[in-house]
Amino acid sequence: MNKIDDEILTNVAAVVDACGLTCPEPVMMLHNAVRDVAKGELIEVLATDPSTLRDIPKFCTFLNHPLEKQLEEGERYRFWVRKGGD
């Protein structure tokens with residue numbers, strides 16, 4: 001396990017459960033969560049909409065929030081986003 005995996009397991013500041021929701025709701029929920037955490041904190045996003053595989057990385061790039069890791073677990077997707085600069 002690497003440093004980011006250790007941090008993900010112990011230091012997630014917020015979890016966004018967007019399972020069962022479709023675009024644009026998962027990204028909107030992530031956007032709201034970003035507002036609620038401090039700069040540098042991690043947000044975990046759970047989703048089932050395949051479009052999140054495209055939309056969440058684009059959101060992160062556009063708003064300068066590092067996407068630290070993403071996993072596909074069957075039909076469920078997990079993302080760890082670090083709040084960057086506002």
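**Close-up views of a predicted model**

**View 1. Asn64 sits exposed in a loop.** At 52% relative accessibility, Asn64 counts as exposed. This is a predicted model. Asn64 belongs to the loop between helix 3 and strand 3 (67-73). Its phi is near 60°, a positive value in a residue other than glycine. Once neighbours within four places in sequence are set aside, Asn64 is in contact with Gly84 and Gly85. Pro50 is 14 residues away along the chain, and the C-alpha atoms of Asn64 and Pro50 are separated by 22 Å.

**View 2. Helix 2 packs against helix 3.** Two packed helices are described by the angle between their axes and the distance between the axes. For helix 2 (residues 25-36) and helix 3 (residues 52-63), the angle is about 35° and the axes are 10 Å apart. The crossing of helix 2 with helix 3 is right-handed. Helix 2 makes the contact through Pro26, Val27, Leu30, His31 and Val34. Helix 3 contributes Thr52, Asp55, Ile56, Phe59 and Leu63. By type, the residues of this contact are 7 nonpolar, 2 polar and 1 charged.

**View 3. The largest nonpolar core draws on helices and strands.** This core has 15 residues. Those with the most contacts inside the core are Leu30, Ile43, Val45, Ile56 and Phe59. At least two core residues come from each of strand 1 (12-18), helix 2, strand 2 (42-47), helix 3 and strand 4 (76-82). Helix 2 gives the largest share, 4 residues. In soluble globular proteins, nonpolar side chains tend to be buried together.

**View 4. Ile56 and its contacts.** Ile56 is among the residues with the most contacts inside the largest nonpolar core. It also takes part in the contact of helix 2 with helix 3. Beyond its neighbours within four places in sequence, Ile56 is in contact with Val27, Leu30, Val45, Phe79 and Val81. Val27 and Leu30 are also on the helix 2 side of the contact with helix 3.

**View 5. Leu46 is buried in strand 2.** Leu46 is found in strand 2. Its relative accessible area is 12%, so Leu46 counts as buried. Apart from neighbours within four places in sequence, Leu46 is in contact with Val15, Val16, Asp17, Ala18, Cys19, Arg76, Tyr77 and Arg78. Leu71 lies 25 residues from Leu46 along the chain, and their C-alpha atoms are separated by 9.8 Å.

**View 6. Cys23 and Cys60 form no disulfide with each other.** The closest cysteine sulfur to that of Cys23 is in Cys60, 14 Å away, so the pair is too far apart for a bond. Looked at from Cys60, the closest cysteine sulfur is in Cys23, again at 14 Å and too far for a bond. A disulfide needs sulfur atoms within 2.5 Å. Across the whole structure, a search finds 0 disulfides. Cys60 counts as buried, at 4% relative accessibility. Cys23 counts as partly exposed, at 43%.

**View 7. A cis peptide bond precedes Pro24.** The bond joins Cys23 and Pro24, with omega about 10°. Pro24 lies in the loop between strand 1 and helix 2. Cys23, the other residue joined by this bond, is partly exposed.

Methods. Residues are numbered from 1 along each chain as its sequence is written. This is a predicted model: local features need pLDDT of at least 70, side-chain atom pairs count only at pLDDT 80 or more; totals for chains, interfaces and linings use all residues. Side-chain values use heavy atoms; hydrogens and water are left out. Axes are lines fitted to C-alpha atoms, for helices over the stretch in contact, and angles run from 0 to 180 degrees between N-to-C directions. A crossing is left-handed if the near helix is turned anticlockwise from the far one by less than a right angle, and right-handed if clockwise. Contact means heavy atoms within 4.5 Å. Ala, Val, Leu, Ile, Met, Phe, Trp, Tyr, Cys and Pro count as nonpolar, Asp, Glu, Lys and Arg as charged, and the others, Gly among them, as polar. A nonpolar core is a set of buried Ala, Val, Leu, Ile, Met, Phe, Trp, Tyr and Cys residues joined through side-chain atoms within 4.5 Å. Buried means under 20% relative accessible area, exposed over 50%, partly exposed in between (1.4 Å probe, protein chains only).
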